[in-house]
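User: Please take a close look at one cavity in this model and at what surrounds it. Connect it to the rest of the fold, and say where the prediction can be trusted less.

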Amino acid sequence: MQTDRARESKKMEPRCVECGFPIKTLFVQYSPGNIRLMRCENCKAVADEYIECEFMIILIDLILHKTKAYRHLLFNVINQHTANFEGSLWKSIFAFLLLDAYRSLLLKRNEGEWGSSMSFSSIVWTFQEIIVDVFVGNFVFFCIFLLSMRLMLNTSIQISRCKDILLAVLVSSYFKIFLIATMVWEFPSSVIFIIDLFVLSSNTVALKVITDSAMNRCIAACFCAQALKLLVTQGPARISLRF
């Protein structure tokens with residue numbers, strides 16, 4: 001029991017963004033605004049240079065899929081030792097499901113299933129379809145995702161571990177925010193699937209960082225989960241029509 005707790009505590013320690021080695025403390029604060037960044041005992045580099053960086057720099061590195069930016073976010077900014085972790089988790093789940101529902105609505109609009117001439121009963125039925133697609137699709141996604149991790153990555157599936165992985169997937173799906181741009185400009189359906197590809201690649205990098213597994217296995221795990229979600233929610237016939 002003590003060994004398991006020690007391993008779990010080690011997993012939750014801050015990490016060096018360069019090599020991923022656990023660090024006891026990332027910086028020493030001498031006075032407000034006066035800090036000294038600590039160096040990693042393993043690679044001798046500054047443990048987390050992003051502490052002194054602007055948010056836009058971190059965002060750009062996340063978009064570029066730099067693993068050190070993901071380590072900074074998932075280990076040094078957001079983890080279960082962070083204040084109000086549960087609140088952040090539930091807010092992330094709500095935002096993720098809301099954006100997924102908007103994605104389904106966009107696809108239906110592009111298919112001609114949504115318009116101003118729809119009757120009230122048709123609108124209710126369409127929203128019911130969207131809600132079922134979102135909840136069933138994401139349930140399948142996370143089940144297959146965890147199963148793939150267990151089989152392909154040999155990762156233990158514990159409650160605390162599931163929370164870390166769940167938050168990593170939710171946070172790394174930030175590309176879905178770009179769907180909001182469709183409220184202003186008209187885009188073809190292919191743009192939605194391009195965003196899906198970016199989300200898939202971002203999920204893969206986040207999974208690699210959080211589990212420290214081989215990239216090809218992480219790609220396989222994420223691809224299987226995303227493919228089955230797409231198959232369940234869209235169906236092979238509807239997918240082929242869009243492409």
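Analyst: Start with the volume: the second largest cavity takes up about 60 Å³. The model is predicted. A search of the whole structure turns up 6 cavities of 30 Å³ or more.

Now the wall of the second largest cavity. Its lining consists of Asp-100, Arg-103, Ser-104, Asp-133, Val-134, Lys-229, Thr-233 and Gln-234. Helix 4, helix 5 and helix 8 are the elements that give two or more residues to this lining.

Take Arg-103 from that lining. Arg-103 sits in helix 4. Is Arg-103 buried or exposed? Arg-103 counts as buried because its relative accessibility is 7%, and the cut-off for buried is under 20%. Leaving out residues up to four places away in sequence, Arg-103 touches Leu-179, Ile-192, Phe-193, Asp-196, Leu-230 and Gln-234. Gln-234 is thus a contact of Arg-103 and also a lining residue of the cavity.

Next, a loop residue. Ile-180 is placed in the loop between helix 6 and helix 7. With a relative accessible area of 40%, Ile-180 is partly exposed. Ile-180 touches Leu-99 and Tyr-102, again not counting residues up to four places away in sequence. Ile-180 and Leu-99 are 81 residues apart along the chain, yet their C-alpha atoms are separated by 8.4 Å.

Helix 5 offers another residue to inspect. Ser-148 is part of helix 5, which runs over residues 120-152. Ser-148 counts as buried because its relative accessibility is 6%. Beyond its neighbours within four places in sequence, Ser-148 is in contact with Leu-153, Ala-221 and Cys-224.

Now the nonpolar packing. The largest nonpolar core has 49 residues, and Leu-62, Tyr-70, Phe-145 and Leu-207 touch the most other members. At least two residues of this core come from each of helix 2 (55-63), helix 3 (67-77), helix 4 (85-110), helix 5, helix 6 (159-171), helix 7 (189-211) and helix 8 (215-234). Helix 7 gives the largest share, 10 residues. Helix 4, helix 5 and helix 8 therefore appear both here and in the cavity lining, by the helix assignments used throughout.

Leu-207 shows the packing in detail. Outside the four places on either side in sequence, Leu-207 touches Phe-145, Met-149, Leu-153, Asp-212, Cys-218, Ala-221 and Cys-222. Leu-153 and Ala-221 are contacts of Leu-207 and of Ser-148. Apart from the largest core lies another core of 5 residues, among them Cys-16, Leu-26, Cys-40 and Ala-47.

There is also a hairpin. Strand 1 (residues 27-31) pairs with strand 2 (residues 34-37) in the antiparallel sense, over 4 bridges. Val-28 stands opposite Arg-36 of strand 2. The hairpin has 2 residues between the strands, and Gly-33 takes a positive phi near 85°.

Last, confidence. The protein chain has a mean pLDDT of 82, with 84% of its residues at 70 or more. Among the elements, helix 2 has the highest mean pLDDT (93), and helix 9 (residues 236-242) has the lowest (44). Residues 236-243 stay under 50 in pLDDT, and the model gives them 12 contacts beyond four places in sequence. Residues 1-10 also stay under 50, with 5 such contacts.

Note on methods. Residues are numbered from 1 along each chain as its sequence is written. This is a predicted model: local features need pLDDT of at least 70, side-chain atom pairs count only at pLDDT 80 or more; totals for chains, interfaces and linings use all residues. Side-chain values use heavy atoms; hydrogens and water are left out. Two strands pair if DSSP finds at least two bridges between them. Buried means under 20% relative accessible area, exposed over 50%, partly exposed in between (1.4 Å probe, protein chains only). Contact means heavy atoms within 4.5 Å. A nonpolar core is a set of buried Ala, Val, Leu, Ile, Met, Phe, Trp, Tyr and Cys residues joined through side-chain atoms within 4.5 Å. pLDDT is the predictor's confidence in each residue, from 0 to 100. On a 1 Å grid over the protein atoms alone, a cavity is a set of points where a 1.4 Å probe fits but cannot get out, and a pocket is an open set with protein on both sides within 12 Å along at least five of seven lines; lining residues have an atom within 4 Å of a point. Grid points are joined across faces, edges and corners, and a volume is the space filled by probe spheres set on the points.
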